[in-house]
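Hello,

Here is the structure I said I would pass on. Please look through it first, then read the notes underneath.

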Amino acid sequence: MGSTGEDLGRRDLIKRSAALGLITVPTMSFLSACASGGDESTKGPDKAPVTKENPFGVAKGGKLDVMVFKGGFGDDYAKAWEAAFDKKWGTTSSHMGTQEITAKLQPRLNGGNPPDVVDDSGAQQIKLDVLAKAGQLADLTAVLDSPSLDDPTKKVRDTLVDGAYEQGLQGGKFVVLKYVYAVFGFWYSGKLFKEKGWTPPKTWDEFLAVCAKAKEAGIGGLAHQGKYPYYINVVIMDLIAKKGGLDAMKAIDNLEPNAFEGNPAALAAVEAVYEVVEKGLLMPGTNGLTHTESQTAWNQYKAAFIPSGSWLENEQLKQTPEDFDMKFLPMPLLADSKLPFEAIRAGVDEPFIVPEKAANKAGAMEFLRSMMSREWSTIFAQQANSLTVVKDGVDPSVKLRPGTQSAVEALKAAGSNTFSYRYPDWYSEMDNEIQNASNELMAQRIQPKEWIKRAQAAVDKAAKDPNAKNNKRS
Amino acid sequence: MSHVAQGRRKGGFIASFLIAPLALYLTFVIWPYVQTFGYSFTNWTGQSPTFDFVGLENYSALLEDEVFRGALWHNLLLVVFVPVITILLALFFAFMVNAGGRGGAGGVQGVGGSRVYKIVYFFPQVLSLAILAVLFGAIYRSDEGGLLNGFLTKMGLISPEHPVEWLNEPNFVLWCLLFVVVWHGVGFYLVLFSAAMQSVPKDIYEAALLDGAGRAQTFFRVTLPLLWDSVQTSAVYLGIAAMDMFVLVSTMTSGQFGGGPDHHSEVMSTVLMRNFLYFGKSGYACAMGVVMLVLTMILSLITLRATRRERIEF
């Protein structure tokens with residue numbers, strides 16, 4: 001029996017079809033996602049007349065479709081908001097809390113029937129620069145210009161904390177309302193430091209000294225979330241901003257040709273971080289750990305410091321010992337720094353957007369306006385143990401945990417000395433490449449000079465992005 | 001009735017059974033491919049239904065994409081090593097549990113306890129890849145809490161100060177992943193080869209035994225030639241699995257959709273996903289998908305051709 005002749009061998013047939021079928025398996029699962037729906041329905045609900053109380057003309061009894069990221073903050077706050085919204089406007093809200101934002105949101109964007117309000121957050125968020133380039137983000141300037149619910153003589157714009165407006169810009173338009181206010185720096189255990197008699201360091205040399213003492217005591221100095229170099233980049237970038245001043249930071253965001261290369265502050269910052277590695281002051285193995293693994297090790301007193309944002313306390317609630325006494329520390333200073341020790345990166349996060357093709361855009365805008373009220377902000381602080389971008393938006397009766405409390409105090413001490421980077425939101429690829437370089441640096445596979453070279457190459461590449469001319473800050 | 005007409009009628013008869021599956025196949029497999037092919041000529045962002053036609057731009061960009069080229073190289077390495085190692089191990093074990101035993105009046109049989117071995121070997125196949133990723137994540141964990149590092153520390157081979165960061169070592173990471181795939185696959189192919197071996201008539205083995213053939217001779221002269229069909233199919237299957245690797249790489253290694261450290265474990269599917277979703281370059285990612293498809297088909301054809309032999313009937 002051969003495979004010639006009209007009689008195709010039974011075995012051959014089965015074998016070939018099995019092979020064919022299998023070929024399709026690896027590629028198909030990704031590519032079937034390509035299938036995009038074509039029709040764009042522009043059915044909108046009825047509109048009510050625009051009044052002072054109803055600046056967007058929300059019609060009573062409409063529908064509101066809300067999708068939120070159900071991560072460290074849960075989604076109970078959103079349910080409470082929706083209930084309040086429905087009560088006031090007679091709407092019926094449909095709620096979806098999910099961790100798989102991309103999987104749930106992408107097909108709806110492509111199909112032209114997106115939700116009305118989206119909290120596009122978490123590990124599976126759709127990057128904001130990507131959404132902006134695809135023209136999917138509605139301009140939210142109208143929300144900023146509408147009267148505040150708490151005090152109609154004020155505009156919503158005036159109730160935002162400093163920096164929140166700038167961090168919502170894409171290509172010069174305000175399209176993202178980032179709702180959570182977070183500070184970034186090092187974290188340590190108040191209990192451990194008290195026990196060992198260490199004082200929280202204010203300069204990088206003091207920081208290295210504490211790390212060295214920790215090493216002598218048999219624990220690691222610095223832990224970082226090695227598998228996610230995002231966190232060690234916080235350290236590098238904040239050192240650059242504090243040493244070189246705000247201009248050094250803006251040079252990076254504005255993709256200047258000397259953002260890293262030939263910038264002495266940048267080199268000094270990278271060398272400072274590298275010193276930790278060279279002196280063996282990293283917690284052993286930290287370079288390969290995930291964020292939860294390294295944070296938990298830190299909670300078990302295996303390291304003195306860890307870098308993170310103020311969501312850390314919430315994220316680690318279950319792993320943190322009762323008497324851990326979590327404390328926040330602003331990034332210690334390098335010699336001749338332009339910004340004071342108190343200066344901190346204060347960022348906003350948890351981006352809320354309204355898709356350009358949302359069916360109930362008016363309702364969505366009103367929803368965002370309500371989020372900026374004191375009532376809703378307090379709901380969030382209570383349910384999620386976190387600050388919001390609403391100025392003085394949390395009722396003083398809400399009791400905060402020690403970590404969050406120390407972050408609030410640091411924020412007060414910083415006053416107007418806060419700063420934040422934009423490039424991770426504006427240029428995903430550049431961010432990714434710098435993260436890779438940092439990973440190599442921490443593993444001692446490249447030297448600081450090589451890091452600078454790679455980071456500058458990433459900047460130069462991003463400068464070719466057509467959006468680069470709109471994403472400027474001053 | 002002419003020969004041709006007879007063939008045609010037979011074909012029509014078979015086809016009538018296949019209409020429903022064929023329709024499903026066309027809709028859910030072939031049509032997405034056609035779409036992918038179409039999208040690969042556009043600058044589609046993946047987040048909106050609008051895009052422009054850019055011709056071959058994506059493909060020419062692909063040629064210069066060092067990350068993708070690196071990924072392609074890794075895939076090719078895996079395509080060589082995954083099937084070879086898995087099949088050799090599976091064949092060896094299958095032979096041992098089926099025909100490796102010697103002596104006794106019963107003639108050909110497996111080594112002692114072969115039934116138990118068969119079940120134990122099959123265990124890994126029961127686990128899903130996602131569970132495997134977690135399991136091996138704990139084994140390769142980079143501090144001394146990891147199973148491997150803990151073991152090596154206890155043995156005094158490495159100091160607890162400098163544990164091996166298995167998945168963060170450019171020279172190890174791909175082999176660590178390869179090990180997982182092989183560990184996972186051997187059991188299944190062992191069972192597959194066992195089944196094939198059991199269908200080989202006992203008298204052939206007995207004849208070989210009587211002629212004084214040793215284990216090695218029995219294996220190379222009798223078992224392997226009779227199993228060639230199964231080996232060939234397995235090679236194609238494993239080759240295709242090696243072209244994919246998405247689940248393991250994306251969950252076990254660092255970076256968006258894996259591929260770290262610094263692209264040293266990158267495979268085509270992870271580069272594809274990162275461009276498709278994270279960077280919003282879906283048109284470009286579709287071009288990668290097309291390249292992946294073409295390469296997989298070529299490799300399958302080569303494997304089937306290269307391993308073609310005269311079939312031995314029994």
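The notes below cover the cavities, one pocket and one residue.

Please keep in mind that this is a predicted model.

Cavities

The search covered the whole structure and returned four cavities of 30 Å³ or more. The largest cavity holds about 120 Å³ of space. Its lining is made up of 15 residues. Nearest the centre of the largest cavity are Tyr181(A), Ser310(A), Ser386(A), Leu387(A) and Thr404(A). Two elements of chain A, β6 (177–189) and α14 (402–414), each contribute at least two residues to this lining. By class, the lining of the largest cavity has 10 nonpolar residues, five polar ones and no charged ones.

The volume of the second largest cavity is about 50 Å³. Residues from chain A and chain B line it: Asn432(A) and Asn436(A) on one hand, and on the other Ser254(B), Gly255(B), Gln256(B), Gly258(B), Gly259(B), Gly260(B), His263(B), Glu266(B) and Arg274(B). The classes here are nine polar and two charged, with no nonpolar residues in the lining of the second largest cavity.

Second largest pocket

The second largest pocket contains about 1600 Å³ of space. It is lined by 48 residues, and those closest to its centre are Glu429(A), Glu433(A), Lys461(A), Asn275(B) and Lys281(B). Elements of both chains give two or more residues to the lining of this pocket. From chain A these are α4 (128–133), α16 (428–442) and α17 (448–462). From chain B they are α2 (57–64), α3, α11 (268–278) and α12 (282–306). The lining of the second largest pocket divides into 17 nonpolar, 14 polar and 17 charged residues.

Asn75(B)

Helix α3 of chain B, which gives residues to the pocket lining described above, spans residues 66–99 and includes Asn75(B). Is Asn75(B) buried or exposed? Asn75(B) counts as buried because its relative accessibility is 0%, and the cut-off for buried is under 20%. Leaving aside residues up to four places away in sequence, Asn75(B) touches Ala242(B), Met243(B), Asp244(B), Val267(B) and Met268(B). One of these, Met243(B), has its backbone oxygen 3.3 Å from a polar atom of the Asn75(B) side chain.

Those are the items I wanted to hand over.

Regards

Conventions:
Residues numbered from 1 in each chain as written. Chains lettered and ligands numbered in written order. Predicted model: local features only at pLDDT ≥ 70, side-chain atom pairs only at ≥ 80, totals over all residues. Heavy atoms only, no water. 1 Å grid on protein atoms, 1.4 Å probe; cavity = no way out; pocket = protein on both sides within 12 Å on 5 of 7 lines; lining within 4 Å. Points joined across faces, edges and corners; volume = space filled by probe spheres on them. Helix = DSSP H or I, 4+ residues; strand = E, 2+ residues; numbered from the N terminus. Nonpolar A, V, L, I, M, F, W, Y, C, P; charged D, E, K, R; others polar. Buried < 20%, exposed > 50% of the residue type's maximum accessible area, 1.4 Å probe, protein only. Polar contact = N/O pair within 3.5 Å; in protein donor to acceptor, adjacent residues only side chain to side chain. Contact = heavy atoms within 4.5 Å.
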